[in-house]
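Work through the exercises below with the sequence and the structure open. Each task is followed by a solution in steps.

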Amino acid sequence: MLLTLSTTHRPATDLGYLLHKHPERLHSQEFSFGDGHVFYPDVRDDLCTAALLLDVDPVGLIRKKGSAHDGFALDQYVNDRPYAASSFLSVAIGQFFRTAMTGRSKDRQDLADADIAYEVRIPVLPCRGGEATLRRLFEPLGYTISAARLVRDEAFPAWGDSAYYDVTLTVTARLASVLKHLYVLIPVLDDDKHYWVGDDEVDKLLRQGEGWLETHPDKDLIVRRYLKSFRSLTTQAMERLSDGEPEPDPVIEGEQEAALEKKINLNQQRLDWVLATLKAREVKTVVDMGCGEGRLVGMLSKDLAFEKITGCDVSLRALEIARARLNFDRLPEFQLKRIHLLQTSLTYRDKRLTGYEAATVIEVIEHLEPERLEAFTRSIFKDAAPGLVILTTPNAEYNALFDNLPAGQFRHHDHRFEWTRSEFETWARTTAERFGYAVEFAAIGDVHETLGAPTQAGIFVKS
Amino acid sequence: MTQTLITLPDLSLVLLIGASGSGKSSFARKHFLPTEVISSDYCRGLVSDDENNQAATKDAFEVLNFIAGKRLAAGRLTVIDATNVQPESRKSLIDLARRHHVIPVAIVLNLPREVCHARNQSRTDRDFGKGVVWGQSDSLRRSLKGLRKEGFSHVTVLDSVEAIDAVRIERAPLWPDKKTQTGPFDIIGDVHGCFDELHALILKLGYVIEGREPYRVSHPEGRRLILAGDLVDRGPKTPEVLRIVMDMVESGVAYCVNGNHDEKLKKALSGRDVKIAHGLAESLEQLSHETPEFRRQVVDFLDGLISHYVFDGGRLAVSHAGLKEHYIGRGSPRIRSFAMFGETTGETDEFGLPVRYNWARDYRGSTMLVYGHTPVPEPEWLNRTINIDTGCVFGGKLTALRYPEKEIVQVDAAQVYCEPVRPIGHGRDARDGDMIDIEDVTGKRVVETALSRNIVIRDENAMAALEVMSRFAVDPRLLVYLPPTMSPPETSKLDGWLEHPIEAFDYYRQNGVTQVIAQEKHMGSRAVVVLGRDAGAVEQRFGISAGLGTVYTRTGRAFFNDRVLEQGFLARLGDAVTKAGLWEDLATDWLCLDAEILPWSAKAMALLEQQYAPVGAAATHVLPIAAELLARAGQPDLAAKMTARAQMAGAYRDAYRHYCWKVSGLDDYRIAPFHVLAHEGANNLDRDHLWHMAVIDRLCAVGRFVKATERKVIDLNDDAQMAEATAWWEAQTAAGMEGMVVKPLAFTVKGAKGLVQPGVKCRGREYLRIIYGPEYTAPEHLTRLKARNVGGKRALAQREYALGYEALTRFVAKEPLYRVHEAVFGVLALESEPVDPRL
């Protein structure tokens, strides 16, 4: 990890006074993540360059971090942290150039107070959001930017560009300001994995951002990214089973679908409709299959007409969230008798799902592989076989009306299919016929005259 | 006084009945194991710390009932040591016996009340007066007459101390228990008066029939027949069927269980009022031509038929209409009814007949259960049960199942004797066996494996696996195997090496293996291939229409996201199998292969783009710049270090680049199979690797896209061979090979310390940069990385291997789907155990 800082302000060697680091010497310091060195490759009257090099210990990085967990780390040894500029660099800047960052200089206070020309080069700077973000962050502060993007691998041009830029920033400013900008903005650009080094990050941000951050047009972005918390290490078991590929997480990625459907607040409309339908049919016991984080269960629990409400999901994480949302550990005992949560799978037969008057399957089937739909169909219509099944799924035709959804894409990463109205109705009729149900259909959300409603529903009544 | 013999069914609930002081506890101690006896006094003590605390009686009896229930469920004879003098206290115990289908037995100690009182007086812990004993004696006396009516089928009343002392107790097997009879047997389905077909079938099965009155039937190899009931009604020759079966049962060459038609005919012949329907009229008419003597014999015979039999140490059971697994070997009115009629849903269908509930799909017993009752077009297996009623009387076939061979022998009906009310096969659901119950996989599970001890799957692991299995895995019917994880060798003691073949060879030598094979380890993505000769073959064997089969990853996900690509890939592979003549030579029309599919980049593009390539790009860009700046700053030592780091970064890039090439279609894929896991009738994990390699070489010879696996067979007593293999490994890995896997030549080996690792991978020095980081070879890193422990990984590999082996064995043996899935699911569950992912 490398950063160089040069000036051509004569005598350029005054940079040593400004940084409080003698240009003729190698300045080294140990950090928790490795060794840091400051040295001067150019020490001339017309050009002086200070280099800050971090020799990160990749093994220590992983082993130290993991030791708190399982005795080994789940993080990868193949990691860009030793090479790419990150918050480690901020830590090192803060340590090596602490005095300079305060704007004081024992021998050259006038220079420290003056705007002079600096050039900063960061050979590998990860820029989340690309060059545009890089410019948005530095240009308002008066920097001129030259950035060359690194390709992923020149042997494989098809793999495209990496997220790294070899960046040169030029500016005429006080040294302390430049250092503060770098201190804050390098981790903000890196964004990906922010390694905290202390718990006083908010204070640090306020201190280093003083005088420029308040007025920065992208203040919100900077604050949000800078304070981004550790990536959660939950769902470890899932990650270990992931074949090394990140899997879409229906809980988290639900946000994506929600964002898309937000304008029409479709989810609430859907749940209101389900509740009304259940009430209209005077149902007393309900099992919600694929309850997710338990929104419907929560709604039903507030209505004492429902005597037994069970939420099921295959995802343990979803159930954990549901437990927390429903405040399960503090529910009064009469509620505990009514409300149940259990892990089950729609592709297995589960005796625990029998004996309910109604089952709700809200926005669930599209998360199943089409080949496994048969197993689901049998588990619900043949084995659980409640008197009433309410099932909803997206209407694919309506997708054309979502501005930010490219044609042919599904509303959610984890959707395995989305059906048109006729596809859904065909499936529903066949299923009803096979298992002795009668089915009628409903549309939820604003109905478009040719494309229908965003959500389509089937109401199956056992004959 | 002579001995009094009491014969107890060996599964019964024995109530000792007698007043306080009648000697029940001494009697129990004398005749039963201490653990067989549950005393109410003891239970009072359990709940109240005082054995005589009458206030605790209610709670004490709840405990007593609970314990007794658990014992009966487990099939253990249980003795209740309580006064049991009140009818209501006996009733709850009789109900308990009924609930567990065991026989309630009463043994009454009816001593004079003075004797009881005197005994109580002599005990310090019993301070109750005369009145209590007097009252108990009165209740007892009033109860004596009605005990049989209350439901006790065995009642013994002992009226004196001498009579009590003279008792000897013997235990006898229950009626259905023929466990000592091991066969071989031929089990015949519903005959319904079709004598000609029965006669023909008996002959076809190889029996010899001599004489007619009586029939003398025998089999030269000593086989015996079992008739699954419904001998009578509807067909043309009910009396003759009865005659031959009665003669065969009499002579011991046949067993027969009771069918619902047999039961009804018995009632009709005994003069009971029954509705004459469903072919009963024909039987009565035919029998009216027989002598009254014969009819009496028929009634006696039918009256002696029991609900079911259990044979061969519990491995085989036969009943007319099936059973639940926990009914087998027990007796109760409910079992008798189930065995005759099966289970119905309570609904009636459009033909006015009761809708049958397919109890067989819930059957999880290990006993093979053969039954009839509901005609089906062909005999069908479901969860170790088989229905062999193929509707002979309706013009179908009369079917016999050979046991233990599981062969079907059939005779066609000569004609349609009766039109079925409901078309044969109506309402059947051919997919009833496809659904796996959640109870088959979740909760803490213990999976029995042939290779290893019982393997425990923790609840948490099962929960994680359930999610993956449900959301991502291919259909369980295709998921017949998952590969085990593989451990590296112990860390190398050599300087500069993390892994080296020496330790792999040492491992096997220490475990008593001398012949190993070292195989090239391909760097692609692990894949299991299920391939059928054609779509029909897959449908036939796997019970799913899935084209030519599927390819899935080590966690059960579809390998190809694109179905067309998958089927195209399978078609090519199928062509190679055909050209190599393997379908014929292996006598199979499906194969299951363990393979690596190349290139790595085909499946790992996301990892390459997000992780591997960027790290290389960043490292190779920044390190030379740092070296140059340091050199300029007059820091040669640090500059040299950065140069060395830059070289390692370059080596890292070269390492992964070996495994990448552009994939734009089918032509760019290669497959390197290394195990022929299974084919029809064969779990090949029992065959040595030379066999596997020979089969795979034939594929390589004909399929351009099938990549051969280089290998060396090594005798671990021969240093030269080991040195040669090591040199080969060093050279090949330096040139880009990932590494090699050392395996016992015999494949599956059980050593002194259990199952030997089926493979140990020795990864190359350069390849390991992809695992341990570009610069792991720097001495300061390597020393630390050498501290690693392969123990956990090995234990896991062992268990997963035993489970995978088990899954294949079960699949090949055509065991029920849930049994195969249980083992496969176990592998996936164990994979969610936390283990260092770099091992």
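**Exercise 1. Domains**

Task: find the domains of chain B and the distance between the centres of domain 1 and domain 5, then do the equivalent for chain A.

Solution. The model is a predicted one. Step one is to list the domains assigned to chain B: domain 1 (4–172), domain 2 (177–412), domain 3 (436–486 + 796–839), domain 4 (488–522 + 712–789), domain 5 (524–596 + 670–708) and domain 6 (603–657). Step two is the distance: the C-alpha centres of domain 1 and domain 5 of chain B are 66 Å apart. Step three turns to chain A, where the assignment gives domain 1 (2–226) and domain 2 (251–462). The C-alpha centres of these two domains of chain A are separated by 50 Å.

**Exercise 2. Chain A and its contact with chain B**

Task: describe the make-up of chain A, then state how many residues each chain puts into the contact.

Solution. Begin with secondary structure: chain A has 17 helices and 14 strands. Next, burial: 43% of the 463 residues of chain A count as buried. Then sequence separation: of the contacts in chain A between residues at least 6 apart in sequence, 71% join residues at least 24 apart. Finally, the contact between the chains takes 59 residues from chain A and 57 residues from chain B. On the chain A side, 33 of these residues are nonpolar, 12 polar and 14 charged.

**Exercise 3. The nonpolar cores**

Task: state which residues touch the most other members of the largest nonpolar core, and which helix gives the most to it.

Solution. The largest nonpolar core has 251 residues, and those touching the most other members are A:L179, B:V480, B:V529, B:L531, B:C592, B:V742 and B:V824. The helix that gives the most to this core is α21 (residues 605–632) of chain B, with 14 residues. Another core, of 61 residues, lies apart from it and includes B:V241, B:M246, B:A254 and B:Y327. Now take A:L179 by itself: leaving out residues up to four places away in sequence, A:L179 touches A:I93, A:F97, A:A100 and A:M101. As a general point, nonpolar side chains in soluble globular proteins tend to be buried together.

**Exercise 4. Helix α10 of chain B**

Task: compare the span of α10(B) with the expected value, then find what its buried residues pack against.

Solution. Helix α10 (residues 238–251) of chain B has 14 residues; from first C-alpha to last it reaches 20 Å, close to the 20 Å expected at 1.5 Å a residue. Its buried residues are B:T238, B:E240, B:V241, B:L242, B:R243, B:I244, B:V245, B:M246 and B:M248. They pack against α9 (195–204), β11 (216–218), β12 (224–227), β13 (254–256), α12 (280–287) and α13 (292–304) of chain B. After α10(B) comes B:G252, with a positive phi near 85°.

**Exercise 5. Two strands with both faces covered**

Task: for β12(B) and β18(B), sort the residues by side and name the paired strands.

Solution. In β12(B), B:R224 and B:I226 point one way, B:L225 and B:L227 point the other way, and all are buried. Strand β9 (residues 185–188) of chain B runs parallel to β12(B) and is joined to it by 4 bridges, with B:I188 partnered by B:L227. β12(B) also pairs in the parallel sense with β13(B), over 3 bridges, where B:L227 stands opposite B:C256.

In β18 (residues 368–371) of chain B, B:M368 and B:V370 lie on one side and B:L369 and B:Y371 on the other, all buried. Strand β15 (residues 316–319) of chain B is joined to β18(B) by 3 bridges and runs parallel; B:A317 stands opposite B:L369. β20 (residues 385–387) of chain B likewise pairs with β18(B) in the parallel sense over 3 bridges, and B:Y371 has B:N387 as bridge partner.

**Exercise 6. An open sheet**

Task: give the strand order of the 5-stranded open sheet in chain B and explain why one side of β27 and of β30 has no neighbour.

Solution. The order is β27-β26-β28-β29-β30 (chain B), with antiparallel pairing. β27 (549–552) and β30 (682–683) of chain B are at the edges and each has a single partner strand, so one side of each lacks a neighbour in the sheet. For β30(B), strand β29 (residues 670–679) of chain B is joined to it by 2 bridges, and B:H679 has B:A682 as bridge partner.

Terms used:
Residues are numbered from 1 along each chain as its sequence is written. Chains are lettered from A and ligands numbered from 1 in the order in which they are written. This is a predicted model: local features need pLDDT of at least 70, side-chain atom pairs count only at pLDDT 80 or more; totals for chains, interfaces and linings use all residues. Two residues are in contact if their C-beta atoms, placed from the backbone, lie within 7 Å. Ala, Val, Leu, Ile, Met, Phe, Trp, Tyr, Cys and Pro count as nonpolar, Asp, Glu, Lys and Arg as charged, and the others, Gly among them, as polar. Two strands pair if DSSP finds at least two bridges between them. Domain bounds come from an automatic or database domain assignment. A residue is buried if 20 or more other C-beta atoms lie within 10 Å of its own, exposed if 12 or fewer, and partly exposed in between; C-beta atoms are placed from the backbone. The expected span of a helix is 1.5 Å times one less than its number of residues. A nonpolar core is a set of buried Ala, Val, Leu, Ile, Met, Phe, Trp, Tyr and Cys residues joined through C-beta atoms within 7 Å.
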